[in-house]
Amino acid sequence: MRCPFCGYEESKVIDSRPTDENERIRRRRECIQCGKRFTTYETIEDVPILVIKKDRSREVFDRTKVLKGMLRACEKRPVNVAELENAISEIETTLQSATDREVTSVRIGELIMEKLRDIDEVAYVRFASVYKEFDSASSFIEEISKL
């Protein structure tokens, strides 16, 4: 680690502890050349999840986009935003724990529907109607009968 005071490239770690959120490691260092102390933070490098869309293009997973879709499905329903945030975190954890860093939008849609089914059945049917592109009342009835 380069010293911010003299630029020397070697230092020793004096103290190391996790931050309050346990997201980073705080390291107190001392420069071997000038003896001055400084603090560094170590974080895990996140490898982004790439979403393969229906047109085969790719984009980075965006939890805000997922939340917007879920909020639209839950409009005028007694659903807490915290519940949706929690569901999205669970979806993101599922995707992060997979070995493949690329996931199809179809898979994400399925995960969203699973969560919405548990949160609110009306929101689930609303989301499914757009996601599965229902084109008739019989499509709605068929999906509702599965519940």
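## Cysteines, sheet, core and salt bridges

The structure holds zero disulfides. The model is a predicted one. Cys31 takes part in no disulfide, and its nearest cysteine sulfur, that of Cys6, lies 3.6 Å away. A disulfide would need the two sulfur atoms within 2.5 Å, so this separation does not qualify. Cys34 is likewise in no disulfide, the nearest cysteine sulfur being that of Cys31 at 3.8 Å. The surroundings of these two residues can be stated as well: Cys31 is buried, with a relative accessible area of 1%, whereas Cys34 is partly exposed, with a relative accessible area of 35%.

Cys31 is also the last residue of strand β2 (24-31). The loop between β1 (11-18) and β2 holds Thr19. Thr19 is buried, with a relative accessible area of 12%. Leaving out residues up to four places away in sequence, Thr19 touches Arg24, Arg26 and Tyr41.

An open sheet of three strands follows the order β5-β4-β6, with mixed pairing. The edges are taken by β5 (58-60) and β6 (102-104); each has a single partner strand, so one side of each is left without a neighbour in the sheet. From one strand to the next the twist averages 35°. Strand β4 (residues 50-52) and β6 run parallel and are joined by three bridges. One residue pair in this arrangement is Val51 with its bridge partner Val103 in β6.

Helix α3 covers residues 105-119 and includes Val106. Val106 is partly exposed, with a relative accessible area of 36%. Val106 and Lys65 are 41 residues apart in sequence, and their C-alpha atoms are 15 Å apart in space.

The largest nonpolar core has 25 residues, of which Met70, Leu95, Ile108, Ile112 and Leu116 touch the most other members. Helices α1 (63-73), α2 (81-97), α3 and α4 (121-131) each supply at least two residues of this core. For Leu116, the contacts beyond four places in sequence are Met70, Ala73, Cys74, Leu84, Glu121, Ala123, Tyr124 and Phe127.

Side chains of opposite charge can pair when their charged atoms come close. Across the whole structure there are 12 salt bridges. Three of the pairs are listed here with their N to O distances.

| Acidic residue | Basic residue | N to O distance |
|---|---|---|
| Glu9 | Arg2 | 3.3 Å |
| Glu85 | Arg63 | 2.9 Å |
| Glu110 | Arg107 | 3.8 Å |

Both Glu9 and Arg2 are exposed. In the salt bridge between Arg63 and Glu85, the pair links distant parts of the chain, with Arg63 in helix α1 and Glu85 in helix α2, 22 residues apart. Arg63 is partly exposed at a relative accessible area of 25%, and Glu85 is partly exposed at 31%.

Glu110 and Arg107 both lie in helix α3, three residues apart, about one turn of the helix. Glu110 counts as partly exposed at 34% relative accessibility, and Arg107 is partly exposed with a relative accessible area of 32%. Separately from these pairs, a network of salt bridges links Lys53, Glu59 and Lys65.

Methods:
Residues numbered from 1 in each chain as written. Predicted model: local features only at pLDDT ≥ 70, side-chain atom pairs only at ≥ 80, totals over all residues. Heavy atoms only, no water. Helix = DSSP H or I, 4+ residues; strand = E, 2+ residues; numbered from the N terminus. Buried < 20%, exposed > 50% of the residue type's maximum accessible area, 1.4 Å probe, protein only. Contact = heavy atoms within 4.5 Å. Pairing = 2+ DSSP bridges. Axes fitted to C-alpha atoms, helices over the stretch in contact; angles between N-to-C directions. Core = buried A, V, L, I, M, F, W, Y, C linked by side-chain atoms within 4.5 Å. Salt bridge = Lys/Arg side-chain N within 4 Å of Asp/Glu carboxyl O.
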